[in-house]
Amino acid sequence: WSVHVLSWYPGFLPQLREVLVKVVPFLSRPTLPALALPSGQYLFSSNAICRYLFEVNGQECSELCDQWLEWEATVLQSLKAWFDRVAAMNACQSAAQKVLQGKGLQGMKSYMQRQPAPQSSQCRETQPCNSNSAEVPEEGGERVVSEEEMEAAALTWSKGLNTCPPATKKQHPILPQEDKRNVLVTSALPYVNNVPHLGNIIGCVLSADVFSRYGRLRGWNMLFVCGTDEYGTATENKAREEGLTPQQICDKYHAVHSSIYKWFQIDFDYFGRTTTEKQTEIAQDIFWRLHERDFLIEDTVEQLRCENCQRFLADRFVEGICPHCSYPEARGDQCDKCGRLINAVDLREPQCKVCRQTPVIRSSKHLFLDLPKLESQLEQWLEKSTSTGDWTANAKQITRSWLRDGLKPRCITRDLKWGTPVPHADFKEKVFYVWFDAPIGYLSITANYTSEWEKWWKNPHQVELYNFMAKDNVPFHSVVFPCSLLGAQDNYTLVNHLIATEYLNYEDTKFSKSRGVGVFGDMAKDTGIPSDVWRFYLLYVRPEGQDSAFSWADMALKNNSELLNNLGNFINRAGMFVTKFFEGCVPVMELQEEDKKLLALVSWELQQYIQLMDKIKIRDALKHILNISRHGNQYIQVNEPWKKIKGGDSERQRAGTVTGVSVNIACLLSVMLFPYMPAVSQTIRDQLNAPPSCINTMLEGNGTFVCSLSAGHRIGAVSPLFQKLEADQIEALKKKFGGQQRSVCGDGEPSGPGESQAGEKVRALKAQKAEKAVITAEVAKLLDLKKQLALAEGKNPEPAPQKGKKK
Amino acid sequence: MALRELSSLEKYLGQKKANKYSTQGDKKVPVLQNNNGPPLVGLVTIACHLAKEAKRPELLGDTAESRAVVQQWLEYRVTKLDSCTKEDIKTVLKDLNLYLQDKVYLAGNQFTLADVFVYYGIHPVIVDLAIQDREQYVNVTRWFDHIQRYPGVRHHLPPVAVLRNRIYTSRHH
C-alpha cells in the first residue's frame, strides 16, 4: 500500500516518506500507524509508539498510565465494533441529529421526564424486591401498576394516622422487652488517639446511626452503644510526646471524638470509653473463666527490651542491620531494601528507635487464647449465625478465609503498662492485648450505661446483636471475640448480623492525617456545609460491596441535583402551593385514577425502602426516597396546579387534590429521611406542622402511606431546605484538603517559594536516605528561610516547640 | 487463568510472599490491592509492577526502544492473542514466525516479560497444533521451546514436546 511513514533517524529531523511497500514487514494485515525505529525494529501499536515518544522526550509513564493504556487496548477498543454498528443505525443517527443540532440536551428533557428512575442493580441481585404482582421493568419503561395495587394504596391512605403518639423522649435505661424486637447495635470503637476521618465515620458510627434511627421508627426496641478504645501502645507514645499522662491524653481525645459525633448528629444511647473499672471487672472475669476451662495456653516469647527506656519494643520501634542483605536501616518486622520479612530478634546491631541504645533479648511469658480448641464450637455457631443473620458478603468471605488458613493460638497479653491488668499472679506486670480487650469494651460500656447490662449481653434468645465496622475489623468480631465469649461459657449474646463496609477513599487517593490529605471529622463543620448534607453524601457513596471515593465535585453535584433540584424542590413547591393558593390549609382531595396510581407507585417505593433498610442496604434505600420525590415533581409538572388554580371549579378542585397529595408525600418523605438527615426531617415536619404520630405510622409493616395531613390542616411557614454548592466554593475546599499546602514540617503553615524548594530538597534527601550531615545542613537552611519568611510576614520568627501542650 | 500467570511470575521473580488478588468484571480482570495507593487493575499493569517491585527493570527492556517493543507485545498478548478465533490463529502464527526469524527473544536479544506472557498466552495454541504445523512455524516453535525451558518460567503450564527427532525410544519419555 502507499502510505506515509514517519521515519526517525538519529540526528535528523523526522521525515515523512512515501513508502510503496508493506509497512511493517512481518504483519500480514495493514496496521497503522507504524513507527520504524532506528534499530530497525517496528512499532505497530499506537500505544507503544506513544510510550516511546514520551520516554524519548523525558516523560515517564506511571502505573496508573499503564493501567489506562491496558484498559484502552482491551476494553475500549473492543467497544469500537459495537459503536460502529450502532452509529450506522437510522434511529441512532436521527437521535444524534436532534441533540447535536437544534436544542441540544434540552431536546431530550421531555423524553427523560417520562422515564422512571433507574433501578439499582444491587436490588435485583439480592432477594426479589418486588413482593407483589406488579412487573419490574428491565430497562427504562414505566413500572406498570396493577388495579389491586391502586385500590390497596388508596385504602391504606384513607386509614389515617395512628391514634397514639410516639414517646417524644427516650426512657433510659433502655432494656429488652418481652413483646418487642430487641436490637442491640454497636459500632466499632474508634481508637481514641486518631481523629476520625470521613471513611471512619461512614464505615462505623454513621452507618450504625442510620440503622438505629430507622429501627426506632419501625418500633423496635433499640440500644445503640459505642465509645472510644483507649488502651494500647499508641496512646502511651502519644502521652510521652505531648508530656501528658495516658489518662489525660484519653480525656482530651475522647472529648474530640464526642464533639465530632455530636456534630454529625450521631444519636448514641450511650458513648463511653474503655478505661473504666467495669472494663477491668468484666475482662478479668472472662479471662478467669477461660483459664478455668483450659482455653488458655502459656508460652514464652523472645522480645527485644530496651533497658534504658524500660520497656519491651514493638517491632516498629527497632532498627538494625538486615540479617539477609545487610541493609543498615531494616525495621523490626520487614527489611525495606530486600523486602524480606524478619523477626526483630534476628536483626544485627539492633537499636531502640527512641533512644538508640542496644536492646537486649528477654524471654517473656505470655498467655495465648487456644483458638484451635474452640474452632469446632466457633464453626457451629458461625454456620448458624451467617445463615440466619444479615452478614455482609465481605464479612462472610473474610471469615471463611481466616478459617481456611487454619486458626492458631493468639497471644492475648502484652508487656505494657497502659492497659487492663492481667489478674494472674504469674503475669502481674502485663496487660491484655488490645484485640482481646477492646471488644469487651462493648460490654463494659453498656455496664456503665446500666447495671442491668447482662439483660442485653447474656440474653441471646431475646436480643439481636448488630455489629457495624469497616472490613479490616471483621476477623476480630467474627472469630477472636466470639471465641473468647464461647470459651467463657456464660450465655453471652453473640453477633447475629455483622455489617462491614469497604474502604472510602479520598478523591483518588487515601486519607492521610500526616500529609494533610482528606477531610477529618473536626474540619467538616468549618466548611460551612451543614451536617445533614455531609451525612447525605457519605451515605450516598457508602462503600457497600466495593471501595468508593469521596469527591468534592460529586458532593456538589449530588447536593445540587438531588437535594436541591429534586428533593428540596418538590417539598418546597408542595408547601408553597398550600401557602399561596390555599391560604396555608391543606385543601380537599378527591382521588382520581391518576392520583391512586401515584399513591401506588409511592407505596411501592416505600415498600422497597423498608425491605432494603431492614437488610441494611442503606445506600440503595436512599435511592427510593429520591425516586418518590422524582415521581412527585413529575406529578406536579404534569398537572400544573399553578395554572389550574386560576380555572373553573373542577380545575381548582384538581389543583387542590394535586397540592394536597403532594404535601402528604412531602410528609412521608420527612419520615423516610429521618434516619439519613434528622435535622432536615424535623424541619420539614415543622414546616408542615405535621402531627407527631406520622413518624411512627408510616414505617409500620411493609410500609403504611397514609394521609397524615388531612383537608383543613394548617401548615407552618415554608422555606427552602437546601442551598446550592457553588463551583468556586468547591474548588477552594478541594485545594484546602488536598494536602498540597502543607510545608515539610507538617505544621500547616503556607510556605514561600524559596522555602518550598528548600522543603522539597530536604524531603528528597530524606527519601534518598542521605547522610545525616547533609540533611542537617539542608534543614538548617530551611529553618533559616522559614525565619526570614516569618520576619517578612511580621510574625514571630521563633519556631514552635516540638513537644509540650498544643495550646 | 490470569491469576495463575501472575502467581507463576511471582515465583519466577523469587517473591517470598504471594500477593492476594481479586478479580473484576465478567472477564475476570485481575486486581491487586496496593497498600500504598489505589488498586492496580490489569494483567499487564500488574505484571510490570511486580517486575519493578522485584527490582528487575531489565525484564521490561533496557532502552527506550526495547521498552516500547516489550509493551507492544504485552499489549498484543492481551488483545490479539487472548481474543483470537481459529482464523486469526493462522495469521498470528504466520506473523510471529516472520518476526522471530532474526530474533532470539521478542525484544531482540534480551529475555523480557513479553516472552513470558506471550508464552503463557500462546501455550494453548501450541498444544493444539499438529506436529507438522509446529514444523511449519519453525521460528515460533524454536522460540517457544527456548522460553518454556527458560529457568523459572514454566510453573503452571505443562511442557509441550516440540522436537521431532526422537533420539530415544518412547519408553524414555
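Start by selecting A:W82, which at 46% relative accessibility counts as partly exposed, because that class lies between the under 20% of buried residues and the over 50% of exposed ones. Keep in mind while looking at this side chain that the model is predicted. If you now extend the selection along the backbone, you will find that A:W82 belongs to helix α2 of chain A, which covers residues 63–88.

Next, add A:L64, A:W68, A:W71, A:V75, A:L76, A:L79 and A:F83 to the selection and show the surface, since together with A:W82 these residues make a nonpolar patch of about 820 Å².

From there, turn to the place where the two chains meet, and colour chain A and chain B separately. Here 31 residues of chain A are in contact with 38 residues of chain B, and the two chains bury about 2900 Å² between them, with 51% of that area on carbon and sulfur atoms.

Which side chains should you pick out to see a salt bridge? Select B:R67 and A:E55, whose side chains meet at 2.6 Å, N to O; the count between chain B and chain A is 2 salt bridges. If you look more widely across this interface, the rule finds 17 residue pairs in polar contact, both residues being at pLDDT 80 or more.

Finally, select β3 (40–41), α2 (43–53), α3 (64–81) and α4 (86–99) of chain B, each of which supplies at least two residues of the side that touches chain A. Within that side of chain B, α3(B) is the element to highlight last, as its 12 residues are the largest share.

Definitions and conventions
Residues are numbered from 1 along each chain as its sequence is written. Chains are lettered from A and ligands numbered from 1 in the order in which they are written. This is a predicted model: local features need pLDDT of at least 70, side-chain atom pairs count only at pLDDT 80 or more; totals for chains, interfaces and linings use all residues. Side-chain values use heavy atoms; hydrogens and water are left out. Patches are made of residues with over 30% relative accessible area and no salt bridge: like charges are joined within 9 Å, nonpolar side chains (Val, Leu, Ile, Met, Phe, Trp, Tyr) within 5 Å. Accessible areas come from the Shrake-Rupley method with a 1.4 Å probe; for residues, only the protein chains shown count as cover. A salt bridge is a side-chain nitrogen of Lys or Arg within 4 Å of a carboxyl oxygen of Asp or Glu. Helices (H or I, at least four residues) and strands (E, at least two) are DSSP runs, numbered from the N terminus. Buried means under 20% relative accessible area, exposed over 50%, partly exposed in between (1.4 Å probe, protein chains only). Contact means heavy atoms within 4.5 Å. Buried area is the accessible area (1.4 Å probe) that two parts lose on being put together, summed over both. A polar contact is a pair of N or O atoms within 3.5 Å; within protein, one must be able to donate a hydrogen and the other to accept it, and residues adjacent in sequence count only if both atoms are side-chain atoms.
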